[in-house]
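Colleague: Could you take a close look at one part of this structure and set out how it is held in place within its surroundings? I am new to this structure, so a connected account would be welcome.

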Amino acid sequence: MDTFGLKIIASDRIFYDGRCRKLTLPAPDGEIGILANHENTVIALGVGDARMEIEENHWIEMALGEGFAEVVNNRVTVLVETAERPEEIDVRRAEEAKERAQERLRQKQSIQEYYMTQAALSRAMSRLKVSQRKK
């Protein structure tokens with residue numbers, strides 16, 4: 001199977017830079033899959049879990065923050081706030097963040113605070129989902 005160049009850049013580091021066979025990313029309205037020779041495009045990314053196949057049947061799972069992906073000339077560049085592998089996720093911290101966000105949702109908030117709390121809850125849930133896959 002053909003491959004494409006993939007570079008995943010988080011706000012604090014280059015998460016991955018190499019070849020990839022398949023890539024699945026979280027879009028605001030679902031998931032998007034990318035294969036070699038994909039049409040040139042720019043894709044908005046939501047918070048969620050992603051997967052990349054770098055060798056046949058060798059998948060890497062990750063939790064991604066918001067950002068975007070650009071596909072140009074068989075190269076994909078993903079720019080996101082955060083990118084974490086399952087083994088990098090502190091499950092206790094993610095559980096605490098989830099509980100804090102759920103508590104804040106039960107309280108009266110402005111619209112802006114509500115959306116910020118929803119985003120925090122979404123990030124925590126995504127991190128917990130990906131962390132469960134390492135087991």
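Modeller: Lys-22 is partly exposed in this predicted model, because its relative accessible area is 28%, a value between the under-20% bound for buried residues and the over-50% bound for exposed ones. The side chain of Lys-22 forms a salt bridge with Glu-53, and the closest N and O atoms of this pair are 3.7 Å apart. Glu-53 belongs to strand β6 and Lys-22 to strand β3, so their pairing ties together parts of the chain that are 31 residues apart in sequence.

The partner, Glu-53, counts as buried because its relative accessibility is 3%. Glu-53 also meets the side chain of Arg-21 in a salt bridge, with an N to O distance of 3.7 Å. Arg-21 is placed in the loop between β2 (14-20) and β3 (22-27), while Glu-53 is in strand β6, so this second pair connects parts 32 residues apart in sequence. Arg-21 is itself buried, because its relative accessible area is 14%. Arg-21, Lys-22 and Glu-53 are thus linked in a network of salt bridges. As general background, side chains of opposite charge can pair when their charged atoms come close. The structure as a whole holds seven salt bridges.

Another of these pairs involves Asp-49 and Arg-51, whose side chains meet in a salt bridge with an N to O distance of 3.9 Å. Asp-49 is buried, because its relative accessible area is 8%. Asp-49 also leads to the boundary between the two domains, which may be described next.

The protein is divided into domain 1 (4-84) and domain 2 (91-132). Taken over C-alpha atoms, the centres of domain 1 and domain 2 are separated by 24 Å. Six residues from domain 1 and six residues from domain 2 take part in the contact. The area buried between domain 1 and domain 2 is about 580 Å², and carbon and sulfur atoms give 59% of this area. On the side of domain 1, Val-47, Asp-49 and Glu-84 supply 63% of the area buried against domain 2, which is more than any other three residues supply.

What does the boundary hold in the way of charged and polar pairs? Between domain 1 and domain 2 there are zero salt bridges. One residue pair is in polar contact across the two domains, with both residues at pLDDT 80 or more. The elements that give two or more residues to the side of domain 1 touching domain 2 are β6 (48-55) and β7 (58-64). By class, that side of domain 1 has three nonpolar, one polar and two charged residues.

From the other domain, Ser-126 offers a view of the same region. Ser-126 is placed in helix α2 (residues 111-132). Leaving out residues up to four places away in sequence, Ser-126 touches Val-47, Gly-48, Asp-49 and Ala-63. Ser-126 counts as buried because its relative accessibility is 8%.

Strands β6 and β7 are joined by a loop, and Asn-57 is found in this loop. Asn-57 has a phi near 60 degrees, a positive value in a residue other than glycine. Most residues other than glycine have a negative phi. Asn-57 is exposed, because its relative accessible area is 67%. A comparable case is Asn-73, which has a positive phi of about 50 degrees although it is not a glycine. Asn-73 is found in the loop between β8 (67-72) and β9 (75-80), and Asn-73 is exposed because its relative accessible area is 62%.

A further lysine, Lys-7, may be set beside Lys-22. Lys-7 is found in strand β1 (residues 4-9), and Lys-7 counts as partly exposed because its relative accessibility is 25%. Lys-7 and Val-78 are 71 residues apart in sequence, yet their C-alpha atoms are 6.2 Å apart in space. Neighbours within four places in sequence aside, Lys-7 is in contact with Ile-14, Tyr-16, Asp-17, Arg-75, Val-76, Thr-77 and Val-78.

Terms used
Residues numbered from 1 in each chain as written. Predicted model: local features only at pLDDT ≥ 70, side-chain atom pairs only at ≥ 80, totals over all residues. Heavy atoms only, no water. Domains from an automatic or database assignment. Contact = heavy atoms within 4.5 Å. Buried area = accessible area lost by both parts, 1.4 Å probe. Salt bridge = Lys/Arg side-chain N within 4 Å of Asp/Glu carboxyl O. Polar contact = N/O pair within 3.5 Å; in protein donor to acceptor, adjacent residues only side chain to side chain. Helix = DSSP H or I, 4+ residues; strand = E, 2+ residues; numbered from the N terminus. Nonpolar A, V, L, I, M, F, W, Y, C, P; charged D, E, K, R; others polar. Buried < 20%, exposed > 50% of the residue type's maximum accessible area, 1.4 Å probe, protein only.
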